[in-house]
Structure formats: C-alpha cells, structure tokens
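Below is a short report on one protein chain. It starts with a single residue and then moves outward to strands and the whole chain.

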Amino acid sequence: MDHDPASAGASVSESLRREVLQHITSAYLNSADFNGISTEELAEIVGHDADGIESTIRALAAEGDIYVNFGHEMVNPFILGFPPQSADANAAEIRRRGGAAGAILYPRERVLTEISAGDRYPGAPYSAALATGRAQLSSVFFHAAVLARYRDDPRYNYTLDIGGEIRAQENTPLDTFLTTFSIGFRDDESSDEIVVGVPLRYLHDLSAAEQSYWKSFEHDDQSWLLHPDWVRPHLMGEFPERISPYTAVLMETQLINEICGAIDYPHLFKQTYADRDRPTDFGYLIRPTELELTSFIEQLNKLLIEPLNVKFFERAKLATTEERQDSEGNVYRAQRGTMSMLIAWMERTVTHDPNGLVQSASSILREIRRRRSKTAHSIRDNAYVPSLWGEQRRFIVESYFAIRTVRQLLQSHPRASSVRVPVELDEPRVWPF
C-alpha cells in the first residue's frame, strides 16, 4: 500500500523516529566503510510493524534527515558514491517506487554534523568528512607538489600518469599507500597547471598524519574534474578512450622493436620500458621548475636517443663513421652519433612528406640532445616558472609525434604487416597533454 509522506510525518511517533534515525546513524558510523543499512535489516533490529517502519522512513526522508538509496544514482547502493539528491527528489523517488523496500538508508550530513561525528577522527580531515556524510567519490584537488615527498623517497613505489599510485615498499616503517589518484582535468585547457585529484574514499586510507600533510596542499581552486580516462576504468567500469602521450611514447618504442624483429633488423632500441616499469621522472611535472624540466628532458634523451642501436643502422647500410678533424688539422674517422644516423635514416627512407613529419621529428630530437647537453655542463638555476608546464607539454607531444613517425616509416616495409598495431597508436587515441 502506498503512503503519503506528508501525512506519514504526522502519524509517526517521535520515539520511533528517534530510534530509527539512531540505528541508521549508528550503522553508518560503525560500518567498515561508511556503508548504509538496508530497510530489511533495519526492520529486524527495530522489531516494529512494517507499516510503522515504512512511514518513519518516508517521514525522515521527506524531512531531510536520511537518504533512501535505491542505487538509482550509483550502481552499488551500499556505497554513498555521489552527493545524494535533495529531500524532495528523494521523497518523490520513494513514491515512484511505491515504498522504501529494498533500499539502503543513510543519515544525511546535517544529522551527522549535529552529533559531531567527525570528532571520531581527530587529525584526519578526510576521514572526518566521510563521517559527516560527504560522498565517498567527492574529490579533493591538491597542488601536485604534494607528491614530491613520495617521488623523491626510494622507499615508495610511485607512478604518475593520467592516474597514479603511491605504495610504501615492504619491510619499511611506512604505512602510506594511495592506491589510485587522478590528475586534474579541464575541458577548456585554460591552464597548463598539473593538479592531483583524489576521491575522499582513497584519502581515508591514509593515516591521520598523512591526511594532515595532504590537507596542507589543498588547492584553492576546487573546480577541477577528475580526468575522464581515470573516471572510466575506476568509477564506471569502462575501458579508457585514450592514453597519455607518456604511455604512447613507451608503447611506440616497444612496437618499433617488434617491427624490427618482423623485418629481420636488429632492434632500434637497445632497451625499452613498459608502462609498469617506466622511470619515475617520466611523467607530468609536479613542480614547474627548471630543474624538473631538465630532469624530464634527460629522461627523454635516455628513452629516445641514448638507447639507439648502431647495429640497426649497420643493417640499414648507413654509414656509421664520419671524418672529423682535430685541433691540429689532422683528419680521422670517428663513430657517428646515433641520433644523426636516425635522422639520416628517416631522410633517406621517406619518399613523400608534405606535412614535414621527418623535419619535425628531427627538430625535437636535436632540441632534446641540445638541451640535455647544455644542462649537463652547467650549474642549473631552479626558478619556479608556471609556463614550464606548457613547455613540458610541448616536449612530450612533439616527442610522441617524432617516435610515431619513426614507427610509421618502419611500417612501410612489406614484412611489417605481420605486426598488429594497437588501436590506441593506429588511430591514434592519444591525449594532447
């Protein structure tokens, strides 16, 4: 039988109302993961008649004391993932379904705030926020510099891409782990700044001391979004649509070596890295400083230039030595630089390049080598320059297009058709930042 929530409010006894609200609140606060309680379990605990429980639930929902969750806003109703709908909308949802049967019940923020539920977690602001009813997937955004202490401490395993993670290594006194977090995202690309976004539920896993540390790095601007290709796999159970240019570079180098094997050439790269064992500094800058940008450029040099294999160029019948002249005018033959050989190979291989892809690839490779060589022999200033986020973005995007050009040239070999190119690289599906 359907009930009118307005009349239900008048007929509900105050003692039953208090008892039901107390049980819902206690179940939430004492659960392992800030879970709700089902209407059926509540009825068993209270031991009241079904109509009385139903009327009480409806009245509490209409008054804005509880939220009746049918999983209509998130698949798992036992988790308050997103901020609940308004009391009026929730009451309408109960009416539409003909009652609260099968729902999961939660106390609302104002009820939990009135009893100071957050005091259960002194010094742990994000656990306290969940205790006072904040949605588990509500996100907090931080200055990316919050990650520096983990990246720079070898006792942590740390990665940063579209998403990242922090884990303390085994047999250390540290218990910090943040199983996943996202970089911040804005559709309008109005800022090159890199920020870190973490849902409250994952921040709750940090110790009180660690939560206080993260709190000190909270960004003044909380209007960022979690990256959509972090949200898809982590919150929606879907595959990402694209990959980052950092991951794409690593995938391209591995694919190039696979093509080399197929066409009976020595690998172009003596060493490649999978995404899981990528160098720590190969990712988004967490501080826009000259020192960090230089470190990143050094990583590009180590990934794209230093591992180039002379044997590949010998197999390609390219000259691997060149004439040089010493300071006294004596002429001698010396090993040719592998980057110069790669550029020469591209220029020899290409037959039609209306978009200047080979020229662009050559340009960024030379810039990487030049910038790396310049800083290797100088004392580096470490100025904080926000525009360096954009500069890094240019370096990684142009490097990706350069290595993609190398791979496409190798693909022109008839026997390369046996190698399957991942759709992310073939189309390509790569984020431009």
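Apart from its neighbours within four places in sequence, glutamate 252 is in contact with Tyr400, Ile403, Arg404, Arg407 and Leu425; contact means heavy atoms within 4.5 Å. Glutamate 252 is part of helix H12, residues 245-262. Its relative accessibility is 0%, so glutamate 252 counts as buried. Buried stands for under 20% relative accessible area, exposed for over 50%, and partly exposed for what lies in between, with a 1.4 Å probe and protein chains only.

This is a predicted model, in which local features need pLDDT of at least 70 and side-chain atom pairs count only at pLDDT 80 or more, while totals for chains, interfaces and linings use all residues. Residues are numbered from 1 along each chain as its sequence is written, and side-chain values use heavy atoms, with hydrogens and water left out.

The protein chain has 18 helices and 11 strands. Helices (H or I, at least four residues) and strands (E, at least two) are DSSP runs, numbered from the N terminus. The radius of gyration of the protein chain is 29 Å, well over the 22 Å that the globule rule gives for 433 residues, so the chain is more spread out than a compact globule. That radius is taken over C-alpha atoms, and the rule is 2.2 Å times the number of residues to the power 0.38. Along the principal axes, the C-alpha trace spans about 105 × 50 × 40 Å. Of the 433 residues, 50% count as buried. Among contacts with a separation of 6 or more, 70% are between residues 24 or more positions apart.

Two strands pair if DSSP finds at least two bridges between them. Strands E1, E3 and E2, in that order, form an open sheet of 3 strands with antiparallel pairing. Its edge strands are E1 (37-38) and E2 (66-69), each pairing on one side only.

Two antiparallel strand pairs are set out here.

| Strand pair | Bridges | Residues of the second strand |
|---|---|---|
| E2 and E3 | 4 bridges | 104-107 |
| E5 and E6 | 5 bridges | 163-168 |

In the pairing of E2, asparagine 69 stands opposite isoleucine 104 in E3. E5 and E6 form a hairpin with 2 residues between them, and tyrosine 158 stands opposite isoleucine 166 in E6. Strand E5 (residues 156-160) has a covered face, made up of Tyr156, Tyr158 and Leu160, and an uncovered one with Asn157 and Thr159.
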